[in-house]
Amino acid sequence: MDNDTTLLLGLDGLAVARVERLEDGTRRVHLITADEQARACPECGVFATRVKGSATTRPRDLPYGESGLDFRWHKRRWWCREPGCPRRSFTEQIPQIPAGARITVRLRVAVGRRVPDAGSTVIQAARDLHLSWPTVMGAFRTSAREVVDAPLPEVDVLGIDETRRGKPRCGRATDPTPRLDDLARRSPASSRVITTSHRP
Ligand SMILES: [Zn+2]
C-alpha cells in the first residue's frame, strides 16, 4: 500500500492502512506488512502460501510530534509446509522490527547513540523518548555490544608518537644500561663488579 501516509512514516516494510484519533488525542496508526520477504520462513527460506492466523503487536518507534504515535501492526502467521523444515509456523517480521523486538531498529540505534554521544543518562533518555528504563537500558547494551564486537579498522601506517624530549639524534642508539642477556654472557666476576659498582 503505497500512499502519502506510508511515505511520511518512512518505515521500510510497513504500510499505513489507516490512522485514527483517540479521545485523548493520541493518533493510532494501523500498519500492515508491505514486504514480500516477510512471508519467507525464517528457518528454510521458502515462501509460505497458507495463512495460519493473525496477530497484532505494538512496536514503538521514534517520537513524532508532541504526543507521538501509537502503532498497531496487524501481521499474519503462516504455515511452513516445506517437507523437512522443523519450523511449522511463523509470524511475519521485517528488518526494522525483527521477531520479538518491541522497538524499531532505528529507535534502538537512536537510543544507543543518545546515551554515549549526548551524555544523557539512561533515565533521561527514557523520559525524552517516552520509553521505559529497561527498554532504553536494553537498547544501550545492544548498541554497546555491537561497538565492542565490531572488528578494528586495519592499520595502514604504523608509527610512533611524534612527541619527544630533547634533540633528535641520528645514528645507532647506545644504551649504557646492561641488558639481562649481556649479563648472562659475562663472567660471574664481571657481574660482581657491576653489582658492587652500583652500591652507594
Ligand atoms: Zn520452513
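Hi everyone, let me start with one pair of residues: Thr56 has His74 as its bridge partner in strand E4. Before going on, please note that this is a predicted model, where local features need pLDDT of at least 70, side-chain atom pairs count only at pLDDT 80 or more, and totals for chains, interfaces and linings use all residues. Residues are numbered from 1 along each chain as its sequence is written.

Strands (E, at least two residues) and helices (H or I, at least four) are DSSP runs, numbered from the N terminus. Two strands pair if DSSP finds at least two bridges between them.

So which strands pair with E4 (residues 69-79)? Strand E3 (residues 50-57) does, antiparallel, through seven bridges. Strand E2 (residues 27-33) runs parallel to E4, with six bridges, and Val29 is partnered there with Phe71. Strand E5 (residues 89-91) is antiparallel to E4 over three bridges; in E5, Thr91 is the bridge partner of Arg77.

Now to helix H4, residues 133-149. Its 17 residues should span 24 Å at 1.5 Å a residue (times one less than the number of residues), and the end C-alpha atoms are indeed 24 Å apart.

Which H4 residues are buried? They are Val136, Ala139 and Phe140, where buried means 20 or more other C-beta atoms within 10 Å of a residue's own, exposed 12 or fewer, and partly exposed in between, with C-beta atoms placed from the backbone. These buried residues pack against helix H2 (105-117) and helix H3 (122-128), counting contacts as C-beta atoms within 7 Å. On the face turned away, Pro134, Arg141, Arg145, Val148 and Asp149 are exposed.

Definitions and conventions: Two residues are in contact if their C-beta atoms, placed from the backbone, lie within 7 Å.
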